[in-house]
Amino acid sequence: MYHHFLASVHRKNLNPVFNESFVFAMPLEELRHRTLQFSVYDFDRFSRNDLIGHVIVKRLYELCDVTHEMEYIMDIAGVPQDKVDKLGEVMLSLCYLPTAGRLTVTPHLSSDVTRYFLLDEVSAGGAVDGSDPYIKVILVCEGKRIKKKKTSVKKSTLNPVFNEALVFDVPPENVDDVNLAVKVVDYDRVGPNELMGCCAVGTLAAGVGREHWLAVMDNPRKPTAQWYPLVDSLPAELDPPRTPSVTCLK
């Protein structure tokens, strides 16, 4: 079970003071298995909100004191905006069916991704006739690659449209253990394929990747979509090396 709260919006304020409290009711022992995440956003009435940064608090059981209130000051981990602006975005629609143990991922790519990629190719002296993108989704469980699925390649296009659903079998008892590594790749018939950008979804992901996953788990059987800024690499625990015939799914 996942719970989340939203603080009020402080408009046109460089030094907001919230003075708000949120109560999560649970047994003390449950804190051994819980993680607390704070995400700070810049509200936008007409578009999606921009993530400013986040704080992820682990070891809640050790940090809490049942006799009195504890106060901690922590640094906010910012978002590398230079990478976001450079690589573009991908939209992921996720839907989980607990009874069938099925997770469906439907990706959509913004035209900014191919445009930024070709600008890099031009600056490096490469061809400019278009890109051949496809999207690869890797199911990761306990630091190991379990399953990989990918869309078809859209050849010589600046505006790829996939309209493809990638389906993974994930039993309900494993949803807390899995994460998704999503990679946008430019296909090359002759040389190696080139990574255009990537993102991660799941409990180990930071910021929007974790929040989206929790929203999907809170709303089973309902498709939930989210735009993701692409980055040029993922942490090792979200992008492990290939391992043959490995599974942690029950």
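Cys64 comes out as partly exposed in this predicted model, with 41% relative accessibility. Cys198 sits at the other end of the scale: its relative accessible area is just 2%, so this residue counts as buried. As for cross-links, a search through the whole structure turns up zero disulfides. For Cys198 the reason is plain distance, because the closest cysteine sulfur, that of Cys199, is 7.3 Å away and thus too far for a bond. A disulfide would need the two sulfur atoms within 2.5 Å.

Cys198 falls within the span of strand 10, residues 194-202. Seven of the nine residues in this strand are buried, so strand 10 is largely enclosed by the rest of the structure. On the pairing side, strand 10 runs antiparallel to strand 9 (residues 178-186), and eight bridges join the two. One of the facing pairs puts Leu180 opposite Val201 of strand 10. In general, strands of a sheet pair through backbone hydrogen bonds, in either a parallel or an antiparallel way.

Strand 9 also brings in some charge. Lys183 forms a salt bridge with Asp239, and the closest N and O atoms of the pair are 3.0 Å apart. Since Lys183 belongs to strand 9 while Asp239 lies in the segment after strand 11 (224-229), the contact ties together parts that are 56 residues apart in sequence. The two partners differ in cover: Lys183 is buried, at 11% relative accessible area, whereas Asp239 is partly exposed, at 23%. The pair is not on its own, either, as salt bridges with shared partners join Arg145, Lys183 and Asp239 into one network.

Over the whole structure, the search gives five salt bridges. Two of them involve residues that come before strand 1 (36-42) in the numbering. Glu29 pairs with Arg32, with 2.7 Å between the closest N and O atoms. Both ends of this pair are partly exposed: Glu29 has a relative accessible area of 44%, and Arg32 has a relative accessibility of 46%. The other pair links Arg34 to Glu30, with the closest N and O atoms 3.3 Å apart. Here too the partners count as partly exposed, Arg34 at 23% relative accessibility and Glu30 at 28%.

The segment before strand 1 has further items to look at. Phe5 lies in this segment and is partly exposed, with a relative accessible area of 41%. Together with Phe22 and Phe24, Phe5 forms a nonpolar patch on the surface, and the accessible area of the three adds up to about 270 Å². Lys12 is found in the segment before strand 1 as well, and its backbone stands out a bit: phi is near 50°, a positive value in a residue other than glycine. Lys12 is exposed, with 91% relative accessible area.

Asn163 tells a similar backbone story, with phi near 50°, again positive in a residue other than glycine. This residue lies in the loop between strand 7 (144-150) and strand 8 (166-169). With a relative accessible area of 61%, Asn163 is exposed.

Back at strand 1, the sheet is a simple one. Three strands make up an open sheet in the order 1-2-3, with antiparallel pairing. Strand 1 and strand 3 (77-78) are the edge strands, each pairing on one side only. Between strand 2 (residues 50-57) and strand 3 there are two bridges, and these two strands run antiparallel. In this pairing, His54 stands opposite Ala77 of strand 3.

Among the helices, helix 4 (residues 208-218) is mostly covered, with eight of its 11 residues buried. The buried set consists of Val208, Gly209, Arg210, His212, Trp213, Leu214, Val216 and Met217. Charged and polar side chains thus appear in the list along with nonpolar ones, Arg210 and His212 being among the buried residues.

Note on methods. Residues numbered from 1 in each chain as written. Predicted model: local features only at pLDDT ≥ 70, side-chain atom pairs only at ≥ 80, totals over all residues. Heavy atoms only, no water. Patch = residues over 30% accessible without salt bridge, like charges linked within 9 Å, V, L, I, M, F, W, Y side chains within 5 Å. Areas by Shrake-Rupley, 256 points an atom, 1.4 Å probe, with all protein chains shown as cover. Salt bridge = Lys/Arg side-chain N within 4 Å of Asp/Glu carboxyl O. Helix = DSSP H or I, 4+ residues; strand = E, 2+ residues; numbered from the N terminus. Buried < 20%, exposed > 50% of the residue type's maximum accessible area, 1.4 Å probe, protein only. Pairing = 2+ DSSP bridges.
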